[in-house]
Amino acid sequence: MLAPALTGARFDAVLLRRANLRIPFPAAFEDRLVGQAVTALTRRAKYLLATLTSGETLIVHLGMSGWFRVERAIGPAFEAPPVDGDDDPKHDHVVFRMSNGMLVTFNDPRRFGLMDLAARDGLAAHAALKGLGPEPLSTEFGAAALARACHRKKIPIKVALLDQRVVAGVGNIYASEAQHDARISPKRRASAIATASGAPRPAATALAASIVKVLTRAIERPQARFKVYERDGTPCPRRTCSGTIRRVVQAGRSTFYCPVCQR
Ligand SMILES: [Zn+2]
């Protein structure tokens, strides 16, 4: 959705309606964007990265409730068609007017999102990006990488999966979904999926494969209902299982699992 509006286009104007989201906008944010074109739009973990002709990269995190609206401007400046339905314009915090006539608006009711700018050669060292684990859908990720990252962790595997240094971009929902798919209890100790030297045990192989499977499926079918997430009290969706989905809290986050087929 964003790529056609941003890639190859220049920032003609930037409207900031507040001084901060989760953190303050960087100094001279508007000046550092206006006149620059976006040469590439990529992603690392949950960060959107827009490469700019200035040599800087625009870093965006959507937080819990942030999203972009893309629409064609109907006049000069930041005039846009009226927003419909439940979109509340009072949460439109940033508007980019692009050289292709598109308005790209960042709306974020809870303001946990962030925007920052970093020099491209300093990007890997940026506080948001340094230390991130492999992308789950990249060739760097697999049973070996997962086992290596977990083999010294005495915490539950579910909690380890949410650690972005272990694997980048698995959140609370798909950690539960992947563990159900792999029949692995979220309470299992992370180190138990690896040998003492960090080699993968079968559980690491199953879990790595399930992470790739559930994420790939979610991208292909974003509206598909979850199998276990927020389904506590309902029968386990595994046809051969008589269990009931249960909810527990681990490290302050809800985990959903089947105590019968997940061991
Ligand atoms: Zn089950």
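**Entry: helix α3**

I looked up what the buried residues of α3 pack against, and in this predicted model I found α4 and α6 as their partners. The helix runs over residues 143–150, and I listed A143, A145, L146, A147 and C150 as its buried residues. I noted alongside this that residues three or four places apart on an α-helix point the same way, because such a helix has 3.6 residues a turn.

**Entry: helix α5**

I then turned to α5, residues 172–181, and asked how many of its 10 residues are buried. The count is seven, so I entered this helix as mostly covered. By name, the buried residues of α5 are N172, A175, S176, E177, A178, Q179 and H180, and what covers them includes α4 (157–162), α6 and β10. I also checked the backbone just after α5, where R183 takes a positive phi of about 60°.

**Entry: the zinc site**

Which atoms coordinate the zinc ion? I found the SG atoms of C236, C241, C258 and C261, at 2.3 Å. The angles subtended by the four donor atoms run from 102 to 117°, and I recorded the arrangement as tetrahedral because of them. For reference, I wrote down that the ideal angle for four tetrahedral donors is 109.5 degrees.

Along the chain, I read the spacing of the donors as C-x4-C-x16-C-x2-C. C236 lies in the loop between α6 (202–220) and β9 (246–250), whereas C258 lies in the segment after β10 (253–257), so this pair ties together parts that are 22 residues apart in sequence. I looked up the exposure of this pair as well, and both C236 and C258 are buried.

**Entry: the chain as a whole**

Last, I took stock of the protein chain, whose secondary structure comes to six helices and 10 strands. The C-alpha trace spans about 60 × 40 × 30 Å along its principal axes, and of the 263 residues, 47% count as buried. Among contacts with a separation of 6 or more, I found that 64% come from residues 24 or more positions apart.

For the surface, I noted an accessible area of about 13,200 Å², with 53% of it belonging to carbon and sulfur atoms. I then looked up the charged side chains, which come to 39 positive and 22 negative, and I entered 14 Å as the distance between the centres of the two sets.

Technical notes
Residues numbered from 1 in each chain as written. Predicted model: local features only at pLDDT ≥ 70, side-chain atom pairs only at ≥ 80, totals over all residues. Heavy atoms only, no water. Donors = N, O, S within 2.8 Å, 3.2 Å for Na, K, Ca; no water. Tetrahedral: all angles 85-135°; square planar, octahedral: opposite > 155°, others 65-115°. Helix = DSSP H or I, 4+ residues; strand = E, 2+ residues; numbered from the N terminus. Buried < 20%, exposed > 50% of the residue type's maximum accessible area, 1.4 Å probe, protein only. Contact = heavy atoms within 4.5 Å. Areas by Shrake-Rupley, 256 points an atom, 1.4 Å probe, with all protein chains shown as cover. Lys, Arg positive; Asp, Glu negative; His and termini not counted. Charge placed at Lys NZ, Arg CZ, Asp CG, Glu CD.
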